[in-house]
Each structure stands twice: as structure tokens, then as C-alpha cells.
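Reader: I should like to learn how to read a protein model. May we begin with a single pair of residues and proceed from there?

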Amino acid sequence: MTDAGAPLYRRVLGERYDALPAPLRAMHDVRGTTVATGVCDIDRGANPLARLIGRVFGMPPAGTAVPVTVRFVPRAGVEIWQRDFDGARFRTVQEAADVTGRLIERIGPLAFLLDVPADRHGLRLVLRRVTLFGVPLPRALRPRIDAEERVDEGLFAFNVAIALPLVGPIVHYRGRLRTPAGPGPPAPS
């Protein structure tokens with residue numbers, strides 16, 4: 001059993017946490033407010049409804065080599081992730097689910113139950129259920145989420161794509177972050 005005071009991802013992953021690459025462990029070893037910086041590329045869906053949905057949920061606009069800052073704030077057993085994509089802010093709250101290896105991520109009234117397979121290559125977030133105001137959404141209305149964390153050239157790398165049935169892509173952002181205690185990508189010019 002993992003210590004209740006341990007960082008969130010250590011609690012979620014249990015023994016699998018130790019198999020993660022060092023840059024991922026460093027990023028998720030959140031014991032106090034932690035800030036990571038880097039750059040990313042962002043694509044947005046072309047469908048007008050996709051653009052509206054993205055705007056409502058605070059998704060960042062499209063761009064290349066966009067400066068990104070992520071502030072991780074642990075509070076009462078959860079982590080608040082405050083992402084800032086060059087002024088476009090997006091906030092989620094993550095917490096351990098009641099089953100080892102699962103995470104709940106909240107965005108406003110939406111809650112996403114995610115499996116978190118992890119190994120020496122990195123981790124993925126696999127959507128299992130979505131609720132809106134606590135009511136489960138039918139599979140046909142659930143977004144498709146492809147999210148992974150891995151190491152790229154020794155750095156923490158992320159790749160997140162979100163799409164909706166009948167609407168198409170909402171956002172796809174990918175990049176690298178400088179871990180709090182490690183080297184990072186060059187600052188954008």
C-alpha cells in the first residue's frame with residue numbers, strides 16, 4: 001500500500017512508478033507547488049463547433065513553439081494542474097481513483113476516469129468513463145483522448161490529442177518540459 005502522503009502519481013501507479021523514466025518521476029514527484037516550463041506545438045480542429053468547444057473549455061489556440069508553463073499544486077490529496085500556453089490558461093484537477101492504476105481528471109463539470117498504464121518507456125492515459133455533473137455520458141458522446149508522457153532527448157515529453165465524435169479534433173498539443181530539477185529545451189526565440 002502506498003503512503004497517503006506520497007505524490008499523486010506514486011499513489012496511482014504503486015510499484016509501477018519506480019519503472020518510469022527518471023524525467024517522468026522527477027516531473028510527478030510533486031510535494032509542494034512545482035513549476036515546469038518548455039515549449040509545445042498546438043493544432044486546433046477546423047470545425048467551427050470544435051473551435052467553440054475548445055474555447056469554452058479554455059483550450060489554447062494553435063501555434064508553433066508556444067511557450068508553456070505548468071504549475072502543479074498539491075492540495076488535500078489532489079493535484080491542480082495550471083497550464084499556461086503563452087497566456088492561454090487551462091486548469092484541471094487530478095486525483096487518485098478508488099482503484100490502483102486509475103486517475104480522475106476534472107475539467108469544470110466534467111470528470112474523466114482514466115487508466116494509467118506505465119512502464120520504463122513512459123505512461124499513457126486511457127479513457128474509461130466520463131461524467132457530466134456526475135451523470136455518466138454514453139460512449140457515443142465521449143471524447144477520444146490520446147495522451148502520453150515519455151522521454152524525448154532526455155526531456156519530459158507530452159502528447160495530448162482530444163477529439164469528439166461527429167465534431168472531430170478539438171486540440172492536439174505536444175512538446176517538452178524542463179523538469180523542476182533537470183535540463184530543458186531552449187527558450188523560444
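Author: This is a predicted model. Glu-153 is a suitable starting point, for its relative accessibility is 70%. Exposed means over 50%, so Glu-153 counts as exposed.

Reader: With which residue does Glu-153 form a salt bridge?

Author: Side chains of opposite charge can pair when their charged atoms come close. For Glu-153, the closest N and O atoms of the pair are 3.2 Å apart. Glu-153 lies in the loop between strand E10 (144-152) and strand E11 (155-164), while its partner lies in strand E12, so the bridge ties together parts that are 23 residues apart in sequence. The partner of Glu-153 is Arg-176.

Reader: How many salt bridges does the structure hold?

Author: The bridge between Arg-176 and Glu-153 is one example, and another joins Arg-174 to Asp-43, with the closest N and O atoms 2.9 Å apart. Arg-174 in strand E12 (residues 168-178) and Asp-43 in strand E1 (residues 34-44) are 131 residues apart, and this pair links distant parts of the chain. The number of salt bridges in the structure is 10.

Reader: Is Asp-115 buried or exposed?

Author: Asp-115 meets Arg-102 in a salt bridge of 2.5 Å, N to O. Asp-115 lies in strand E6 (residues 110-115) and Arg-102 in strand E5 (residues 102-107), so their pairing ties together parts that are 13 residues apart in sequence. At 25% relative accessibility, Arg-102 counts as partly exposed. The relative accessible area of Asp-115 is 17%, and because the limit is under 20%, Asp-115 is buried.

Reader: Which residue contacts the backbone nitrogen of Leu-49 through a side-chain oxygen?

Author: The place to look is the start of helix H3 (residues 48-56). There a side-chain oxygen reaches to within 2.7 Å of the backbone nitrogen of Leu-49. Just after H3, Gly-58 takes a positive phi of about 75°. The residue that supplies the oxygen is Asn-47.

Reader: Over which residues is the pLDDT below 50?

Author: The protein chain averages a pLDDT of 91, and 93% of the residues score at least 70. Among the elements of the chain, H3 has the lowest mean pLDDT, 93, and strand E9 (residues 135-136) has the highest, 97. The stretch in question has 14 contacts in the model beyond near neighbours in sequence. The pLDDT is below 50 over residues 181-189.

Notes. Residues are numbered from 1 along each chain as its sequence is written. This is a predicted model: local features need pLDDT of at least 70, side-chain atom pairs count only at pLDDT 80 or more; totals for chains, interfaces and linings use all residues. Side-chain values use heavy atoms; hydrogens and water are left out. A polar contact is a pair of N or O atoms within 3.5 Å; within protein, one must be able to donate a hydrogen and the other to accept it, and residues adjacent in sequence count only if both atoms are side-chain atoms. Helices (H or I, at least four residues) and strands (E, at least two) are DSSP runs, numbered from the N terminus. A salt bridge is a side-chain nitrogen of Lys or Arg within 4 Å of a carboxyl oxygen of Asp or Glu. Buried means under 20% relative accessible area, exposed over 50%, partly exposed in between (1.4 Å probe, protein chains only). pLDDT is the predictor's confidence in each residue, from 0 to 100. Contact means heavy atoms within 4.5 Å.
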